[in-house]
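Me: I'd like a close look at one part of this model, the charged side chains and how they pair up. A cysteine check to start with would be handy too.

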Amino acid sequence: KAAQEEKEDEKLDQQDKEEEEEEGGKKQEEGTEPTEVFLHRLPLLSTVDHYTRLTNNTPGKRVVGALLGHNVDGKVHVTNSFAVPFEEDAKNNAVWFLDHHYLEDMFGMFKKVNAKEAIVGWYSTGPKLKGNDMEIHQLLRDYCTHPVYIIIRVMEDNSSEGIPCTAYKACEQIANQVSGPQMTFQHLKTTLKCSAMEEVGVVHLLRDIQDYTVSSLSTQVKAKVNGLRAISNKLQEIKDYMEAVVEGKIPISHAIMYEVQDIFNTLPSLHLIRQSASLATEVNDQTMVTYLGTLLRSVVALHNLILNKFEMKRLKEEDAARKEEKKKKKEEEEAKNKEKEVKDEKMEDK
């Protein structure tokens, strides 16, 4: 009995230590400022469903919800979300309402299902930043020390290519010495992730909406065109920003200027004859390898098709020969039976 009591005490002590470590880890995660966002597929599908149900695809109206997940060393993993009742005045952004009581009740129910998920931020369907976004962001600080704000674009827009979401975090920035520091949104690197279970669900959804009349080549060409269009849009944004800075409309940001300088430093010097020739040669070599691989794959596919036809022909011939053999055996058996019946009749007559 004494040994059992000691074991029970040790188990209780170990459970208390684990709970303390979990609480300490959660506090540490909540206090870590986000540096990168990993967005899973489930919040994207939930946001599209939320927007379709409430707005009925009405342009200009947006929906708001909470993001659930966990923060590990500044890397925010958004794994789930739920809708929150939200209303705002279309003419005056300063007039808005967010039902935080509903948010607390829903989070309590989600906590019972999965205790590891915590509120890591909020989302809206934007499609751009609005004047009341910072006020809503400050309200979410009551539930998360460093929340992230993700704008999810649910409507197709040719002007915005790339992934359909943009993540931000709040930070202080000094616009000028008179006004002092002000809270602004800073862009965060966003990466789309997909677990094995989510991938299965997405595949099943794509089966219903996929157009099988479109070939894979046209899909690849379309992806390349979308990528080039996205690069063109980003370059246009950089150009507009530089022009606004030169005209004095926007204060200069040295961090952005350093990034632009790095972009120009990584560009190859195409004005040099040797480098342009070597670049063209390298591109031609890569294209030749791709062409040869595609040609080889086509030849192998045709070869397999011909072998398959020969195999089917052989199987049909074997099947026909087998049927013919069975037919001959059946005829021989019938002939033998007839001869036997004739002999029996003769024996009966005698």
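Is Cys 165 buried or exposed? After that, please walk me through the salt bridges and any charged patch.

Reply: Sure, with the ground rules up front. This is a predicted model, where local features need pLDDT of at least 70, side-chain atom pairs count only at pLDDT 80 or more, and totals for chains, interfaces and linings use all residues. Residues are numbered from 1 along each chain as its sequence is written, and side-chain values use heavy atoms, with hydrogens and water left out.

Cys 165 is buried, because its relative accessibility is 4% (buried means under 20% relative accessible area, exposed over 50%, partly exposed in between, with a 1.4 Å probe and protein chains only). Cys 194 comes out as partly exposed at 31%. As for disulfides (pairs of cysteine sulfur atoms within 2.5 Å), the structure has 0.

Now the salt bridges, meaning a side-chain nitrogen of Lys or Arg within 4 Å of a carboxyl oxygen of Asp or Glu. By that rule the count is 11. Lys 169 pairs with Glu 33, with 3.2 Å between the closest N and O atoms. That pair ties together distant parts of the chain, 136 residues apart: Lys 169 sits in strand 8 (residues 165-174), and Glu 33 in the loop between helix 1 (2-30) and strand 1 (36-39). Helices (H or I, at least four residues) and strands (E, at least two) are DSSP runs numbered from the N terminus. Lys 169 is buried at 10% relative accessibility, while Glu 33 is partly exposed at 40%.

Helix 8 has local pairs. Asp 319 and Arg 322 form a salt bridge at 3.7 Å between the closest N and O atoms, and they lie 3 residues apart in that helix, about one turn. Asp 319 is partly exposed at 34%, as is Arg 322 at 43%. Lys 329 and Glu 325 meet at 3.8 Å, N to O, and are 4 residues apart in helix 8, again about one turn. Lys 329 is partly exposed at 48%, and Glu 325 is partly exposed at 44%.

There's also a salt-bridge network linking Arg 62, Glu 88, Lys 130 and Asp 133.

Last, the patch: Glu 324, Glu 331, Glu 332, Glu 333 and Glu 334 gather in a surface patch of negative charge. Patch residues have over 30% relative accessible area and no salt bridge, with like charges joined within 9 Å and nonpolar side chains (Val, Leu, Ile, Met, Phe, Trp, Tyr) within 5 Å. Of these, Glu 332 is found in helix 8 (residues 273-349).

Definitions and conventions: Accessible areas come from the Shrake-Rupley method with a 1.4 Å probe; for residues, only the protein chains shown count as cover. Lys and Arg count as positive and Asp and Glu as negative; His and the chain ends are not counted. The place of a charge is taken as NZ of Lys, CZ of Arg, CG of Asp or CD of Glu.
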